[in-house]
Amino acid sequence: MKRVAIIGAGLGGLSAAITLANAGYEVDVFEKNAHIGGKLMPVQLQTYGFDFGPNTITMPHVFKQVIEQTGRRAEEYLTFIPLKHHTTNYFSDGTSLVFSRNKEYMVEQLEKVDSLGAKNYYSLLKELTRLYELSETHFFPKTFRSWTDYLSPSLGYALTQVRPLESMDHFFKRYFTAPTVLQAFGRYATYIGSSPYQAPATFSMIAYLELIQGVYTVKGGTVCIARAFHKVAKELGVRFHLNTEVDNVTIQNKRITQLHSKGIWLWTGDEVVMNADLLKAYSELVEEKDRPSFTNKQIEKIEPSISAFVILAGLKVRLKNMNHHSVYFSQDYQAEFDALFTKQELAKDPTIYICNSSVTDRERSPDGDNLFILVNAPPLPKNGKESYNVNEYKEHIYDLLEKKGLAIRDHLVVERVIPPSEIAQRFGAFRGALYGLSSNRKQDAFLRPRNKSRDLNNLYFVGGSTHPGGGSPMVTMSGMNVANVILKKKS
Ligand SMILES: Cc1cc2nc3c(=O)[nH]c(=O)nc-3n(C[C@H](O)[C@H](O)[C@H](O)COP(=O)(O)OP(=O)(O)OC[C@H]3O[C@@H](n4cnc5c(N)ncnc54)[C@H](O)[C@@H]3O)c2cc1C
C-alpha cells in the first residue's frame, strides 16, 4: 500500500487526503495549527461564533463531491443553506443594489439605477455562462504537471475564447454604465486577490457562480465544511498530526523520502502533497540547490495577491437592515486599487465587507450580531511586518462604518483583529497573501505554479497557490485533481 504525506490540513489537503484514502492509500496529514481547515478557521469569542476565512460559499457540489466519491451521502455530514438575496451592496451616493440569483429581481433593481444595464442583463448572464462552461471543461479539472500540459490544442483554443487580454472592468463596461453597478461587479476581482482594472475578464465568470448557481452558507458555520471533511477522512483511516509543523525534509534521488519536525522524524513514504502555501513552504523546506526551477530570485519577483485586514466583532444588539453579506463601497474604487497594488498601502477610504452569519443562523451568536468585517489590504512588505498601526486602522474602519450608520463601538461586547501579519504567520501564507499569486498579470493568471514539482519526482502541490487557483471550491478541486493523478501514477 502506498504511503502519502500531506503537509497542511487546508481544504485542498483534506480533499486530497479523502480521495487517496478512499482508494486504499495510507495517508498522514501534518498540520502546524491545532485546528483543521487552514484559513477556514473557527473562532469562538464568548458566545459569538465566527468563521475566519471563507464566508461566501459557492459551488456546493464541489464539496459534496469530495464526500460522495466515497459512497457516503453528503447531507449526513453537512447542510448547505442557499441565500436568496445574498449580498447588499451599499454605495457612497446612498443607493444600494442587492445581488440575487433571482434574474427578474436583478433586472427590476437595475432598471432604477442603470436602465441600459437592465436591458443587457440577460446577455451578460449568457456570456458569463459561456465563460464558466469553458473554464469548467478546460481549466478546473486540469492539473498542470509538465510544460506539455500547457500546449494542448484544446486548452490553447479555450484560452483564446475566455477573453484573456481584456480587463474585468472593461468587460463589465460592455454591459453596464452606472459607476456604482460597475463597482459592485468589479469587486469579483478581489475574490482572486486582484484588481478589476487588471485581472483578465475570464474571471468575470465568478459572477456566474453567484448570480446563476447562487451563494450558500452552511448550517453551524462554513467551518463545518472542514469538520465534515475531517470526519470522513478519519472514517477512511487518515491519520492527523496536529500542532506538527514540517520543518525539514530528506531528499534522495530527486524524491522526498522523509519528513521531520524539530529534529524528530515524522514520516517515511512514497508521495508528498504540499497543501501549505508553496510560495513559502517549498522554498523553506527544499534547499535552493534541489529546486533549480523555483529559485529564490524567481520568488523575489512574485506579485502576491491581496491580503486582508479582518475584525471579528460580537455586538450586544442585532443591527437593523443587515443582510448575511453586506458591502459598503468606497467613493473612488480606482484610487482604492491604486493604493493596494501600485502604492502597496492601505486605502484611506476602503470598501468594507461584512458577513453577519447570525442573520441566517441565529445559533451562531445568540446574544447579538457576529460581524466578520474585512477590508482588502496590500500584501506585507518583504520584512513581514505591517507598515501601519493596526489599532489605528481598526478605529478608522469603525469611524467609517459609523458614518454609514453602523455604530459598532456603541454595541461592542468582544472583538479580535486579525491583520495580514497574523495571516502570514498562522497559515504560512506568503507575505500574508490570501490566494498566493495575484492574477493581475496575464501570465500569472493562467500560469500559476504547476501542481507537480519540476524538481522532485514525488512532490505535488494543492491549494490556493497552484492550479486552478484560490477560493474554497477551487482549492478543494485541486486536492481531488492531484490525488487522482497520484492514483494513476504507475510506480
Ligand atoms: C480572510 C479570508 C477571507 C476569505 N474569503 C473567502 C470566501 O469568502 N470564499 C472563498 O471561497 N474563499 C475565501 N478565502 C480563501 C480561502 O480561504 C482559501 O482559498 C482556502 O481556504 C485555502 O485553502 P488551501 O487548501 O489553499 O489551504 P490553506 O487554508 O492555506 O491551508 C494550508 C495549511 O497548511 C498549514 N501549513 C503551512 N505550512 C505548514 C508546515 N510547514 N507544516 C504543516 N502545516 C503547514 C497551514 O497551517 C494551513 O492550515 C478567504 C481567505 C481569507 C484568509
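A polar contact is taken here as a pair of N or O atoms within 3.5 Å, and in this predicted model the ligand offers a clear case, since one of its oxygen atoms is 2.7 Å from an N or O atom in the side chain of Lys39. Backbone atoms take part as well: a nitrogen atom of the ligand is placed 3.0 Å from a polar backbone atom of Thr56, and an oxygen atom of the ligand lies 2.8 Å from a polar backbone atom of Gly464. Of the 1000 Å² of accessible area that the ligand has on its own, the protein covers 94%. The elements that contribute two or more residues to the surrounding shell are α1 (11-22), α15 (420-427) and α17 (472-488), and among these α17 gives the most, with three residues. In total, 35 residues surround the ligand, the closest being Glu31, Lys39, Asn275, Gly464 and Ser472. By character, the shell divides into 14 nonpolar, 16 polar and five charged residues.

The nonpolar interior was examined next. In soluble globular proteins, nonpolar side chains tend to be buried together. In the present model the largest nonpolar core has 111 residues, and those with the most contacts inside it are Tyr121, Phe176, Phe185 and Ile225. When neighbours within four places in sequence are left aside, Ile225 is in contact with Leu11, Leu40, Ile57, Phe63, Leu78, Phe80 and Val218. A second core, separate from the largest one, comprises 25 residues, including Val246, Leu279, Leu285 and Leu456.

Two helices illustrate how buried residues are covered. In helix α2 (residues 60-68), the buried positions are Pro60, Val62, Phe63, Val66 and Ile67, and these pack against α1, β5 (80-83), β8 (215-218), α9 (223-235) and α17. Phe63, buried in α2, is also one of the residues in contact with Ile225. An α-helix has 3.6 residues a turn, so residues three or four places apart point the same way. In helix α10 (residues 278-285), Leu278, Leu279, Ala281, Tyr282 and Leu285 are buried, and their cover includes β1 (3-7), β10 (248-252), β13 (271-274), α11 (296-300) and β19 (459-461). Leu279 and Leu285, both buried in α10, are among the residues of the second core. At the start of α10, a side-chain oxygen of Asp277 reaches to within 3.0 Å of the backbone nitrogen of Leu279.

Polar side chains also occur in buried positions. Asp51, in strand β4 (residues 48-52), has a relative accessible area of 3% and is therefore classed as buried, the cut-off being under 20%. The side chain of Asp51 makes a polar contact with the side chain of Arg364 at 3.0 Å, while a polar atom of the same Asp51 side chain lies 3.1 Å from the backbone nitrogen of Thr222. Beyond four places in sequence, the residues that Asp51 touches are Met41, Gly221, Thr222, Val223, Arg364 and Phe372.

Ser307, in strand β14 (residues 307-315), counts as buried because its relative accessibility is 0%. The side chain of Ser307 reaches the backbone oxygen of Gly432 at 2.6 Å. Apart from residues up to four places away in sequence, Ser307 touches Val375, Asn376, Ala377, Pro378, Pro379, Pro420, Ile423, Gly432 and Leu434. Ser307 and Gly436, which are 129 residues apart in sequence, have their C-alpha atoms 9.6 Å apart in space.

Several loop positions were noted for their backbone geometry. Most residues other than glycine have a negative phi, and most peptide bonds are trans. A cis peptide bond, with omega of about -5°, joins His467 and Pro468, and Pro468 belongs to the loop between β19 and α17. Lys262, although not a glycine, has a positive phi of about 50°; this residue is found in the loop between β11 (255-261) and β12 (264-268) and, with a relative accessible area of 72%, is exposed. Asn321, likewise not a glycine, has a positive phi of about 60° and is placed in the loop between β14 and β15 (325-328). At 69% relative accessibility, Asn321 counts as exposed.

Conventions. Residues are numbered from 1 along each chain as its sequence is written. This is a predicted model: local features need pLDDT of at least 70, side-chain atom pairs count only at pLDDT 80 or more; totals for chains, interfaces and linings use all residues. Side-chain values use heavy atoms; hydrogens and water are left out. A nonpolar core is a set of buried Ala, Val, Leu, Ile, Met, Phe, Trp, Tyr and Cys residues joined through side-chain atoms within 4.5 Å. Buried means under 20% relative accessible area, exposed over 50%, partly exposed in between (1.4 Å probe, protein chains only). Contact means heavy atoms within 4.5 Å. A residue is near a molecule or strand if one of its heavy atoms lies within 4 Å of it. A polar contact is a pair of N or O atoms within 3.5 Å; within protein, one must be able to donate a hydrogen and the other to accept it, and residues adjacent in sequence count only if both atoms are side-chain atoms. Accessible areas come from the Shrake-Rupley method with a 1.4 Å probe; for residues, only the protein chains shown count as cover. Helices (H or I, at least four residues) and strands (E, at least two) are DSSP runs, numbered from the N terminus. Ala, Val, Leu, Ile, Met, Phe, Trp, Tyr, Cys and Pro count as nonpolar, Asp, Glu, Lys and Arg as charged, and the others, Gly among them, as polar.
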